[in-house]
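Visitor: I am new to protein structures. Could you show me one and explain the reasoning behind the words you use?
Guide: Gladly! Here it is.

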Amino acid sequence: MAKKVAVVGAGLMGAGIAQVAAQAGYEVTLRDLTEQALTRGTDGIKASFDRFVAKGKLDAADAEAALGRISTTTDLEAAAGADLVVEAVFEKIEVKQEIFRELDRITGPDTVLASNTSAIPITKIAAATAHPERVVGTHFFSPVPMMQLCELVRGYKTSDETLARAREFAEGVGKTCIVVNRDVAGFVTTRLISALVVEAVKLYESGVATAEDIDTACKLGFGHAMGPLATTDLTGVDILLHATGNIYAESQDEKFAPPEIMRRMVDAGDLGRKSGQGFYPH
Ligand SMILES: NC(=O)c1ccc[n+]([C@@H]2O[C@H](COP(=O)([O-])OP(=O)(O)OC[C@H]3O[C@@H](n4cnc5c(N)ncnc54)[C@H](O)[C@@H]3O)[C@@H](O)[C@H]2O)c1
């Protein structure tokens, strides 16, 4: 089992991944650009452990031991001894490619290089390295300590061994994996939610049903925890417009074409919860 893990990016996702890895017994090196970012990340991890301890779901001594397994650094070279590196920096392709180019140089050929990207093709990130076969997507969900799923994404050249080792890591930190066998835009999860959101918005836009009734149909008819329009408000209308638009651009599949009303809502500033108005008032 890979015992040493480096996590690049100590934001929401990187801190969460470092937390579950340390809890599972991995030695974790957490890297960000500044000490402030690292402190924010480790403060978040401590606060999360405290909540688990307060709820009786984690022993205080185990939380302490897990924290002790996380070391922080601003130096990417510290990833050198890792068996697996998970990158969780900003969703910008140039930033990720630069990091993978560096990781390719810093780490040995046996190190698995994983990206937590939600939407950038793994193949494009892998192309920045000399060993694209060792690059893979490990798409965790937020909040990482709570959400069970990890979407494993094969890039065009990802090897079976790399995928197997990424799975071993994700399962080792307690997640259930699904495998995305082709590096398609939106992977599996964003394609599914996009298809549902697009159809829900079309039904709403054409007056077939109200927002409340569409969401109620999904909740009571299919057992969804939240309806697609409430989900869009929570995530941001602009974010889902971008996600579906991106999948449509790559796939040319009409079912992902974003309905016009989503663009007008974004133009008007009705972005959902964060702006106070979306499909619902907030
Ligand atoms: N937030 C979510 O719900 C979610 C869910 C799944 C996947 N993702 C993906 O995970 C990744 C990270 O998202 P996040 O929400 O944690 O972002 P975030 O903004 O909370 O954190 C990003 C961190 O990366 C750091 N960073 C930037 N450049 C860096 C570099 N060169 N080296 C080291 N650190 C660097 C930043 O300082 C910041 O602390 C993105 O690719 C995102 O698409 C996010």
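**Around the ligand**

Guide: This is a predicted model, and we can start with the ligand. Helices α1 (12-23) and α4 (93-106) and strand β6 (135-140) each supply at least two residues of the shell around the ligand. With 3 residues, α4 gives the most.

Visitor: What makes a residue part of that shell, and how many residues surround the ligand?
Guide: One of its heavy atoms must lie within 4 Å of the ligand. The shell holds 21 residues, and M13, R31, D32, E91 and S118 are the closest.

Visitor: How many of the shell residues are nonpolar, polar and charged?
Guide: They divide into 10 nonpolar, 7 polar and 4 charged.

Visitor: Why is the approach of E91 to the ligand called a polar contact?
Guide: A polar contact is a pair of N or O atoms within 3.5 Å. An N or O atom in the side chain of E91 is 2.5 Å from an oxygen atom of the ligand, so the pair qualifies. M13 meets the cut-off through its backbone, where a polar atom is 2.7 Å from a ligand oxygen. N116 uses its side chain, with a polar atom 3.0 Å from an oxygen atom of the ligand.

Visitor: How much of the ligand does the protein bury?
Guide: The ligand taken alone exposes 840 Å², and the protein buries 78% of that. The space taken by the ligand is the largest pocket.

**Rings and backbone**

Visitor: How many aromatic pairs does the structure hold, and why is the pair of Y26 and F169 called edge-to-face?
Guide: There are 3 aromatic pairs in the structure. For Y26 and F169, the ring centres are 5.2 Å apart, within the 6.5 Å limit for a pair. Their planes meet at 70 degrees, and over 60 counts as edge-to-face, so the name fits.

Visitor: What does this pair tie together?
Guide: Y26 lies in the loop between α1 and β2 (27-31), while F169 belongs to helix α6 (residues 160-172), so the pair ties together parts 143 residues apart in sequence.

Visitor: Which peptide bond is cis?
Guide: The bond from S142 to P143 is cis, with omega near -5 degrees. P143 is in the loop between β6 and β7 (149-154).

Visitor: What is the phi of F187?
Guide: F187 has a positive phi of about 50 degrees, although it is not a glycine. F187 sits in the loop between β8 (176-180) and α7 (189-205).

Conventions: Residues are numbered from 1 along each chain as its sequence is written. This is a predicted model: local features need pLDDT of at least 70, side-chain atom pairs count only at pLDDT 80 or more; totals for chains, interfaces and linings use all residues. Side-chain values use heavy atoms; hydrogens and water are left out. A polar contact is a pair of N or O atoms within 3.5 Å; within protein, one must be able to donate a hydrogen and the other to accept it, and residues adjacent in sequence count only if both atoms are side-chain atoms. Accessible areas come from the Shrake-Rupley method with a 1.4 Å probe; for residues, only the protein chains shown count as cover. On a 1 Å grid over the protein atoms alone, a cavity is a set of points where a 1.4 Å probe fits but cannot get out, and a pocket is an open set with protein on both sides within 12 Å along at least five of seven lines; lining residues have an atom within 4 Å of a point. A molecule sits in a cavity or pocket if more than half of its atoms lie within 2 Å of its grid points. Helices (H or I, at least four residues) and strands (E, at least two) are DSSP runs, numbered from the N terminus. Ala, Val, Leu, Ile, Met, Phe, Trp, Tyr, Cys and Pro count as nonpolar, Asp, Glu, Lys and Arg as charged, and the others, Gly among them, as polar. Rings of Phe, Tyr and Trp (its six-membered ring) pair if their centres lie within 6.5 Å; planes under 30 degrees apart count as stacked, over 60 as edge-to-face and the rest as tilted.
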